[in-house]
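Here's a quick tour to read alongside the model. Keep the viewer open and click through the residues as they come up.

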Amino acid sequence: MEGLQKNNQWLIIVVMVTMSVLCVHTESRSPVLHRVGGGKYTWKPNVNFTQWAEHQHFYVGDWLYFGFDKHKYNVLQVNKTNYEKCGDKDFIENVTRGGRDVFNLTEAKPFYFICGRGDYCSKGMKIAVHVETDPPPPTASPNLTISASPSPSSIHGHLLLACTIAFLSIFCSVSV
């Protein structure tokens, strides 16, 4: 029984050290909330959603925010054909909930949305977003100056590692 406890203790230590190393060496991007059209209530006619989307970068995990008057407009996720033809039949999902609605971009692929009420889609109330897997890695410029001070993510990683080591030393001294 005592040998089993020691094996479990070592397993816990190995898992914690592995998690700490992974946390220190991975830098992740936080999801972004994109306000469709660029404002709080911009899902409406006379907004160039194509132009707006061309100036955005969408990645897996990001969110789209649609702000609109739910009594006048709606948001339907559709396929490419229905997007191009403004067809509201056989839509994939009705995103409309209350006029301040969000949609999670869960896959790297194109997503298509239209307003299915009236002829608003043909008046431009439609958007296509092309979702990418990950943002490109940062590129070093030729005139890059290296700072002597550590970056916030580096400080975070070092603090996490120090806390993990402290925890492990306390855990090992108490359990032995």
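What follows is a short briefing, starting with the whole chain and ending with the salt bridges.

Bear in mind that this is a predicted model. The protein has 176 residues, and 30% of them count as buried. It is built from four helices and eight strands. Below, the strand β8, the nonpolar cores and a couple of buried polar residues get a closer look.

**The overall picture**

- Reading from the N terminus, the elements come in the order α-β-α-β-β-β-α-β-β-β-β-α.
- Take the contacts between residues at least 6 apart in sequence: 71% of these join residues at least 24 apart.
- The accessible surface adds up to about 11800 Å², and carbon and sulfur atoms account for 59% of that.

**Strand β8 and its partners**

- Start with β8, residues 126-132: five of its seven residues are buried, so the rest of the structure largely encloses this strand.
- One of its partners is β7 (residues 110-114), which pairs with β8 in the antiparallel sense over five bridges.
- If you want a spot to click on in that pairing, F113 has I127 of β8 as its bridge partner.
- β2 also pairs with β8, this time in the parallel sense and over two bridges.
- Here, the residue to look at is F58, which stands opposite V131 in β8.

**The nonpolar cores**

- As background, nonpolar side chains in soluble globular proteins tend to be buried together.
- The largest nonpolar core in this model has 22 residues, and those with the most contacts inside it are W43, L64, F66, F113, I127 and V129.
- Two or more residues of this core come from each of α2 (49-54), β3, β7 and β8.
- Both F113 and I127, the bridge partners from the β7 and β8 pairing, are on that list of well-connected core residues.
- F66 is a good one to zoom in on: setting aside residues up to four places away in sequence, it touches V36, W43, V75, V95, G99, R100, D101, F103, F113 and I127.
- There is also a second, separate core of seven residues, with L76, Y83, I114 and C121 among them.

**Two buried polar residues in loops**

- Which loop holds D62? The one between β2 (58-59) and β3 (63-67).
- D62 has a relative accessibility of 0%, so it counts as buried.
- A polar atom of the D62 side chain lies 2.9 Å from the backbone nitrogen of V32.
- Not counting residues up to four places away in sequence, D62 touches R29, P31, V32, H34, H57, F103, N104 and L105.
- N74 is in another loop, between β3 and β4 (76-78).
- N74 is buried too, because its relative accessible area is 9% and the cut-off for buried is under 20%.
- The N74 side chain reaches the backbone nitrogen of G116 at 2.6 Å.
- Beyond its neighbours within four places in sequence, N74 is in contact with W43, F68, T96, I114, C115, G116 and R117.
- Two of those contacts of N74 lead back to the cores: W43 is in the largest core, and I114 belongs to the second one.

**Salt bridges**

- Side chains of opposite charge can pair when their charged atoms come close.
- How many salt bridges does the structure hold? There are four, and the ones described here are among them.
- D88 and K89 meet through their side chains at 3.7 Å, N to O.
- In that pair, D88 is partly exposed at 28% relative accessibility, whereas K89 counts as exposed at 61%.
- E107 and K109 form a salt bridge at 3.8 Å, N to O.
- E107 is partly exposed at 43% relative accessibility, and K109 is partly exposed at 32%.
- D119 and K123 meet in a salt bridge at 3.7 Å, N to O.
- D119 has a relative accessibility of 42% and counts as partly exposed; K123 is also partly exposed, at 48%.

Conventions
Residues numbered from 1 in each chain as written. Predicted model: local features only at pLDDT ≥ 70, side-chain atom pairs only at ≥ 80, totals over all residues. Heavy atoms only, no water. Buried < 20%, exposed > 50% of the residue type's maximum accessible area, 1.4 Å probe, protein only. Contact = heavy atoms within 4.5 Å. Areas by Shrake-Rupley, 256 points an atom, 1.4 Å probe, with all protein chains shown as cover. Polar contact = N/O pair within 3.5 Å; in protein donor to acceptor, adjacent residues only side chain to side chain. Pairing = 2+ DSSP bridges. Core = buried A, V, L, I, M, F, W, Y, C linked by side-chain atoms within 4.5 Å.
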